[in-house]
Amino acid sequence: MKPLNASIEAILFASGDAISISRLANALNISSDEVEYALNELSKHYNSQNSGLTLLRINDKAQLCSRPDYADVIRRAIENRKPPQLSPAALEVLTIIAYRQPVTRAYVEQLRGVDSGGTISNLIEKGFITEAGRLDVIGRPILYKTTDVFLRTFSISSLAELPELPELTHDEQLRLGLENIETE
């Protein structure tokens, strides 16, 4: 393995979290293009060696992870590190935020028709969503967006990979009470 690739591998391993390409480039005193090239080589290396590791790309970041093929073996070995369980309500709120972000709690509650404060707090605590600023209206409500934890958990590298939502007919909008909801 080339020294540059080994250096990037060591940084990603030691970090445990996703690191931006620009941060890797700054740390190694090289260009972002050189980092991208080295990451592609690392990824090819892991794939060709059928390694237990894989290089995960999340937007403009990279992270060293265990290969999903070995999830069952890892889970059996490390039973205390189970993936977070999400209730149907949490999945519903997370879906609304993922597709419409950034959104306010009031927007989520308007769509769902129920109080969502506890669910939003739970998703923040688990790291799936975070504050994304404040809406510039009276009261300045908090805006929420998804995080890299959301992307990693659902094995996607960007929100562009979310499946398309089907268009609702006017009758479906009326039935669901969505005809007067404005997107933010």
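The expected span of a helix is taken here as 1.5 Å times one less than its number of residues, and helices (DSSP runs of H or I, at least four residues) and strands (runs of E, at least two) are numbered from the N terminus. The structure is a predicted model, in which local features need pLDDT of at least 70 and side-chain atom pairs count only at pLDDT 80 or more, whereas totals for chains, interfaces and linings use all residues. Residues are numbered from 1 along each chain as its sequence is written, and side-chain values use heavy atoms, with hydrogens and water left out.

**Colour by confidence**

Begin by colouring the model by pLDDT, the predictor's confidence in each residue on a scale from 0 to 100. The average for the protein is 86, and 88% of the residues score at least 70. Among the elements, β6 has the highest mean pLDDT, 95, and helix α9 (residues 170-176) the lowest, 63. Where pLDDT is low, the predicted coordinates should not be read in detail.

**Select residues 3-15**

This is helix α1, whose 13 residues should span 18 Å at 1.5 Å a residue, and the end C-alpha atoms are indeed 18 Å apart, in agreement with that expectation. Show the side chains of Asn 5, Ile 8 and Leu 12, which are buried (under 20% relative accessible area, with exposed meaning over 50% and partly exposed in between, for a 1.4 Å probe and protein chains only). Looking down the axis of α1, you will find its buried residues within an arc of 65°, so they line one face of the helix; the arc is that of the directions from the helix axis to the C-beta atoms. The face turned away from this buried side carries the exposed residues Pro 3, Phe 13 and Ala 14. The packing partners of the buried residues of α1 are β1 (19-20), α2 (21-28), α3 (32-48), β2 (53-58) and β3 (61-66). Following α1 is Gly 16, with a positive phi near 80°.

**Select Asn 29, then Arg 140**

Asn 29, in the loop between α2 and α3, has a phi near 60°, a positive value in a residue other than glycine. Asn 29 is exposed, its relative accessible area being 72%. Arg 140, in the loop between β5 (129-134) and β6 (142-146), is likewise a residue other than glycine with a positive phi, near 45°, and at 39% relative accessibility Arg 140 counts as partly exposed.

**Select Pro 102, then Ser 116**

Pro 102 sits in the loop between α5 (88-100) and β4 (103-104), and the peptide bond leading to Pro 102 from Gln 101 is cis, with omega near -5°. Move next to the loop between α6 (105-112) and α7 (117-125), where Ser 116 is located. Ser 116 is buried, with a relative accessible area of 0%. Apart from neighbours within four places in sequence, Ser 116 is in contact (heavy atoms within 4.5 Å) with Val 93, Arg 105, Val 108 and Glu 109.

**Select Phe 128, Phe 150 and Phe 154**

A search of the whole structure finds 2 aromatic pairs, where rings of Phe, Tyr and Trp (its six-membered ring) pair if their centres lie within 6.5 Å, and planes under 30 degrees apart count as stacked, over 60 as edge-to-face and the rest as tilted. Phe 150 and Phe 154 form a tilted pair, 5.1 Å centre to centre with 45° between the planes. Phe 150 counts as buried at 5% relative accessibility, whereas Phe 154, at 36%, counts as partly exposed. Ring pairs link Phe 128, Phe 150 and Phe 154 into a cluster.
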